[in-house]
Amino acid sequence: MSAASQARKRLGPDRLQIVVFERGHFTSYSACGIPYWIGGAVKERDALVARDPDAHRAAGIDVRLRHEAVGIDLDRRAVVAHDHATGDEVREPFDQLMYAAGAVPVTPGWARIPAGGVFGVQTLDDGDAIHRWLDADPRPQRAVVIGGGYIGVEMAEAMVNRGLAVTLLEKSPQPMSTVDPDMGERVHHAIAALGIDVRVNAHVEGIESDGGRVRAVVTRDEEFPADVVVLGLGVRPNTTLAADAGIPLGVTGGLRTDLRMRVTGPDGPLDGIWAAGDCVQTTHLISGQPIHVPLGTHANKQGRVAGINLGGGYATFPGVIGTAVTKVCELEVARTGLTEKEATAAGYAYVTASVESTSRAGYYPGAATMAIKMIAEKRTGLLLGAQIVGREEAAKRIDALAVAMWNRMTVEEMTALDLSYAPPFSPVWDPVLIAARKATDAVHAAG
């Protein structure tokens with residue numbers, strides 16, 4: 001919808017007809033807000049909707065809900081869609097095609113059971129389904145969340161807030177594998193402190209049901225009773241429709257695009273085919289490698305770029321550095337750039353530095369602890385990555401680190417950053433500066 005809105009701004013209805021197929025019931029909503037709606041922090045579903053279909057229609061965009069695209073005919077330049085309301089097949093010709101199908105939850109074979117109570121968390125329709133299940137009789141009492149990534153820990157918190165007993169199963173040694181294990185251990189302890197039963201190195205082998213309802217999750221070592229199961233196993237690009245049409249995919253399984261978000265193949269851009277969002281791969285600006293990072297921030301920026309270009313303008317999307325943030329109750333977790341594992345895979349020699357500090361001056365009421373970790377290139381001191389785990393007002397400091405990395409700063413250059421100071425907001429030496437100083441020392445010590 002970002003692409004459609006930008007294209008419409010540049011070309012009026014008499015110059016460009018825009019048709020949007022959406023298989024669900026909603027447009028322009030915050031999928032990232034679904035766990036907070038389920039957990040009760042957001043009271044109304046519609047608070048997550050930025051612009052409903054009627055608002056888009058009023059702007060001259062023909063939004064067709066409950067229309068699922070089922071085929072793309074590149075030779076005849078048409079999209080085939082199934083109208084779920086009538087059962088009819090619709091064939092819509094196009095001059096320009098915008099592919100923005102997003103991502104779909106990773107669902108192993110053992111999770112595909114004909115029983116109620118097993119959910120992915122990808123769309124607002126998914127959120128509706130979870131709400132109905134949690135509010136129905138008999139009321140669920142026990143939740144098992146499979147996967148300890150962003151959506152897993154957020155949904156575990158949501159289930160706790162709904163009063164359920166929660167077990168979190170993670171196959172890795174620590175939850176939040178998007179940060180290094182030493183930082184993930186801090187997350188582990190914080191989740192457990194909420195009363196969540198965190199099981200690491202847990203390999204799920206099946207989900208059992210009884211009477212059409214989920215009954216338990218089975219791992220190699222144990223069985224965990226469950227009235228509701230949430231799949232937080234990550235997502236993959238929703239590109240099956242594109243691949244079936246002969247559109248080439250990248251190494252990540254996402255669509256390859258150029259800087260203007262035109263879909264590209266071995267011989268260059270495909271004529272009139274555009275893509276953006278969780279269905280595309282992009283370039284990591286630190287490693288230089290293709291990467292799939294499904295985040296709403298990137299999706300909206302990419303959609304805007306595609307729409308500007310569709311409308312005859314010019315815009316580019318350069319790539320990402322992997323900045324992300326989440327929270328589990330009062331604990332905040334943030335990262336940007338490369339982890340140690342990713343830096344090694346990219347071929348970097350590096351040093352690390354970790355510090356503990358406080359969000360405010362230590363004597364000021366409400367000061368809370370935080371840990372910051374920096375990864376810097378061994379020879380140059382170039383900032384390669386950073387992670388933060390801490391309490392209130394900790395995680396958004398990742399933005400300063402992301403800006404420094406985006407502009408290719410070294411940790412030594414960062415020690416002189418003119419960051420703001422007042423006791424209610426920071427110690428006189430902000431934790432970012434303390435970490436930069438320690439990282440600089442590590443670079444010098446490494447020669």
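In these legends, a residue is called exposed when its relative accessible area is over 50%, buried when that area is under 20%, and partly exposed in between. One thing to keep in mind while browsing: this is a predicted model.

**View 1. Asp399 and Lys396 pair up in a salt bridge.**
The closest N and O atoms of this pair are 2.6 Å apart. Lys396 has a relative accessible area of 59%, so Lys396 lands in the exposed class. Asp399 comes in at 31%, so Asp399 is just partly exposed. Elsewhere, salt bridges with shared partners link Asp180, Asp182, Glu340 and Lys373 into one network.

**View 2. Arg76 reaches Asp73 in another salt bridge.**
Here the closest N and O atoms sit 3.4 Å apart. Are the two partners buried or exposed? Arg76 is exposed, because its relative accessible area is 63%. Asp73 has 16% relative accessibility and therefore counts as buried. For the wider picture, a search of the whole structure turns up 23 salt bridges.

**View 3. Lys327 meets Glu157 across a long stretch of sequence.**
The side chains of Lys327 and Glu157 form a salt bridge, at 3.5 Å from N to O. Lys327 belongs to strand 21 (residues 324-328) and Glu157 to helix 5 (residues 150-161), so this pair ties together parts that are 170 residues apart in sequence. With 31% relative accessible area, Lys327 is partly exposed. Glu157 shows 7% relative accessibility, so Glu157 is counted as buried.

**View 4. Lys9, Arg10, Arg51 and Arg304 make a positive patch on the surface.**
Among these residues, Arg10 is found in helix 1, which covers residues 2-10. How much of Arg10 is accessible? The relative accessibility is 35%, so Arg10 is classed as partly exposed.

**View 5. A nonpolar patch brings together Tyr363, Tyr364, Tyr421, Val428 and Trp429 on the surface.**
Together these side chains belong to residues with about 580 Å² of accessible area. Tyr364, one of the members, sits in the loop between strand 23 (350-358) and strand 24 (369-377). Tyr364 has a relative accessible area of 33%, so the label is partly exposed.

**View 6. Helix 6 runs from residue 181 to residue 193.**
What span should 13 residues give, and what do the coordinates say? At 1.5 Å a residue the expected span is 18 Å, and the end C-alpha atoms are indeed 18 Å apart, so the two agree. Buried residues of helix 6 are Met183, Gly184, Val187, His188, Ala190 and Ile191. As background for reading that list, an α-helix has 3.6 residues a turn, so residues three or four places apart point the same way. After helix 6 comes Gly195, with a positive phi near 95°.

**View 7. Ser28 and Met176 both carry a positive phi without being glycine.**
Some background on the backbone: most residues other than glycine have a negative phi. Ser28 goes against that habit, with phi near 45°. You'll find Ser28 in the loop between strand 1 (18-22) and helix 2 (34-39). Its relative accessible area is 24%, so Ser28 is partly exposed. Met176 has phi near 55°. That residue sits in the loop between strand 10 (165-169) and helix 6. Met176 has a relative accessible area of 1%, which means it is buried.

**View 8. The Asp137 to Pro138 peptide bond is cis.**
Omega for this bond is near 0°. For comparison, most peptide bonds are trans. Pro138 falls in the loop between helix 4 (124-135) and strand 9 (142-146).

**View 9. Thr282 and Ile434 are separated in both sequence and space.**
Their C-alpha atoms lie 32 Å apart, and 152 residues separate them along the sequence. Thr282 is part of strand 19 (residues 282-283). Its relative accessible area is 12%, so Thr282 is buried.

Conventions. Residues are numbered from 1 along each chain as its sequence is written. This is a predicted model: local features need pLDDT of at least 70, side-chain atom pairs count only at pLDDT 80 or more; totals for chains, interfaces and linings use all residues. Side-chain values use heavy atoms; hydrogens and water are left out. Patches are made of residues with over 30% relative accessible area and no salt bridge: like charges are joined within 9 Å, nonpolar side chains (Val, Leu, Ile, Met, Phe, Trp, Tyr) within 5 Å. Accessible areas come from the Shrake-Rupley method with a 1.4 Å probe; for residues, only the protein chains shown count as cover. A salt bridge is a side-chain nitrogen of Lys or Arg within 4 Å of a carboxyl oxygen of Asp or Glu. Lys and Arg count as positive and Asp and Glu as negative; His and the chain ends are not counted. The place of a charge is taken as NZ of Lys, CZ of Arg, CG of Asp or CD of Glu. Helices (H or I, at least four residues) and strands (E, at least two) are DSSP runs, numbered from the N terminus. Buried means under 20% relative accessible area, exposed over 50%, partly exposed in between (1.4 Å probe, protein chains only). The expected span of a helix is 1.5 Å times one less than its number of residues.
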